[in-house]
Amino acid sequence: MTSGSPRIANGEIIVMPLVHALSPRKPKAPLPQFQIGILMMFELAEIIASMSIYPYINQLIREIDVTGGDDAAVGYYVGLIDSLFYLTQALTVLSWSRLSDRIGRRPVLLIGLTTACISIIYFGLSTTFQGLVISRCMWGVLNGNTGVMNTVMGELTDSTNMAQGFALIPIIWSIGSFVGPLMGGMLARPQDHWPEVFTNPFWRKYPYFFPCVVTASLLLLAFFMLLCFLDETLSTKRRPRLTLSMPGVPRGVDNDDQEAFVLQSTTNTSLWSLLTPAIVVPIANYAMLSFLDMSFRTLVPLFLSTPTHLGGMGLTPSFIGLWLAFYGIVDGLFQALFLAKIVDWVGPKRLFCVSVSCFTPLIVTFPIMSWLVCTRGMVDHVIMYALLGQLILTVTWDMAFATGLMFITASAPAKNVLGVVNGLSQSSRSMACALGPALTTSLFAFSKKYDILDGNAVYVVLIMLSGVLRWLGSQLPDEIQDRDE
């Protein structure tokens, strides 16, 4: 098989294809379990820290009184905080990914972990809206780990075990979505839950610092684990160096010159040359998928915490944390047990299309629950059945992420630009995630305040956008392409 390596013709660098037609009976290679385990532990720590703020952020916005007592305006400010995080991340994540192609994956990951630790501590000590914004923007600008982590996963796997490797990512997200909200909801305001222990006035002045410092400790642990045990996956930075000549480099050239050649080819590859349909279509799918998913994830705690007279559920932060945790653990167990098998059974494209088709009924459950609360006058067992139905749809919807990442990784035309391709996808995802929470929460607040379509305008818009995603999914290649080693 030919290698996906740069070659020289007529003095120009030509990037040879990295992917070929899938061999149906190719035996699976074993996953490097220890390395992937370290990578997943690092990812889990970041997700827990990021997700831990959602059970209490709506209450925090109310307490700092930036809304002037207007509960309907809480959604505007929550969405703004989320959107600024992803917007600042979108501005720098591609640069972090390209930097990882030059200096290695590990240094960039370690910088990102350090930034996340400082940011979450600052978030817990913030008593103004400006402080919350600075904390989230700091994390967004100085942390490009998601794109680099996907690149490392792509370098640790091949075409035979890619489904198994990338299936772990939504599993870790699900576990983080379970542990993060659980920690955030249960550890927030510790002076109210354990007054005999947290007697110092500090805890009343900073009632949300405790969950932040606990999650910062997890980030610090992940930092040292990654520093000590994760191997560098960028070929030009591995130690010991390979003694064999690299494909596409003339024999007889020493290792330093070989590494310089590959590094130069990475630098000289322009972004415009990568914007081909084979790369753009998977990235567009991933961006739209992320937009709708972030819209949904932001909508859930907002809907659950909104007072019933405004069309919400009026639930407490602790209950919201427990429910989001239950979401996460059920989703994680399903992905762990069945996702890779389902990908092998139905194929990645078909699974992707089925998963994204679940978004419309997923959104329809919101106005149904709102109507049930209004007609029944309380949150009872019927509402819980509706929440369970929404959970089943969410589990199916989440399977689209692993297959989407597989298509992006396989779209890279050469291994030396895999970091750039993942950087492009993460930059697009960050921009989509920046727009998603802001538009969704603002439209939610606007719909409720002015009773647009009986307060349901936000749901109608999201359902229309899900139709666009379904069409984009139909444009994906029928099979995941093979990547030569």
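This section describes the confidence of the model, the geometry of one helix and the internal cavities.

The structure is a predicted model. The mean pLDDT of the chain is 81, and 86% of the residues reach at least 70. Among the elements of the chain, helix α10 (residues 209-229) has the highest confidence, with a mean of 96, whereas strand β3 (residues 19-20) has the lowest, with a mean of 41. Two stretches fall under a pLDDT of 50. Over residues 1-23 the pLDDT stays under 50, and the model has 61 contacts beyond four places in sequence for these residues. Residues 240-263 also have a pLDDT below 50, and 28 contacts beyond near neighbours in sequence are present in the model for this stretch.

Helix α3 comprises 30 residues (residues 74-103). At 1.5 Å a residue a span of 44 Å is expected for α3, and because the C-alpha atoms at its ends are 42 Å apart, the model agrees with this value. A kink of about 40 degrees is present in α3, with its centre at Thr92. Gly104, just after α3, adopts a positive phi of about 110 degrees.

Four cavities of 30 Å³ or more were found in the structure. The largest cavity encloses about 520 Å³ of space. Its lining consists of 34 residues, and those that lie nearest the centre are Trp173, Ser177, Asp293, Arg297 and Asp398. At least two lining residues of the largest cavity come from each of α1 (33-51), α3, α6 (145-156), α7 (162-187), α13 (277-305), α14 (317-346) and α17 (381-411). The contribution of α13, eight residues, is the most of any element. In terms of residue class, the lining of the largest cavity contains 19 nonpolar, eight polar and seven charged residues.

For the second largest cavity, the volume is about 180 Å³. The residues that line the second largest cavity are Glu43, Glu46, Ile47, Ser50, Phe85, Tyr86, Gln89, Trp139, Asn143, Thr146, Trp173 and Arg429. Two or more of these residues are supplied by α1 and by α3. With four residues, α1 gives the most to this lining. Five residues of the lining of the second largest cavity are nonpolar, four are polar and three are charged. Trp173 lines the second largest cavity and also lies among the residues nearest the centre of the largest cavity. Helices α1 and α3 each supply at least two residues to the lining of the largest cavity, and both also give two or more to that of the second largest cavity.

How values were computed. Residues are numbered from 1 along each chain as its sequence is written. This is a predicted model: local features need pLDDT of at least 70, side-chain atom pairs count only at pLDDT 80 or more; totals for chains, interfaces and linings use all residues. Side-chain values use heavy atoms; hydrogens and water are left out. The expected span of a helix is 1.5 Å times one less than its number of residues. The bend at a residue is the angle between axes fitted to the seven residues ending there and the seven starting there. On a 1 Å grid over the protein atoms alone, a cavity is a set of points where a 1.4 Å probe fits but cannot get out, and a pocket is an open set with protein on both sides within 12 Å along at least five of seven lines; lining residues have an atom within 4 Å of a point. Grid points are joined across faces, edges and corners, and a volume is the space filled by probe spheres set on the points. Ala, Val, Leu, Ile, Met, Phe, Trp, Tyr, Cys and Pro count as nonpolar, Asp, Glu, Lys and Arg as charged, and the others, Gly among them, as polar. pLDDT is the predictor's confidence in each residue, from 0 to 100. Contact means heavy atoms within 4.5 Å.
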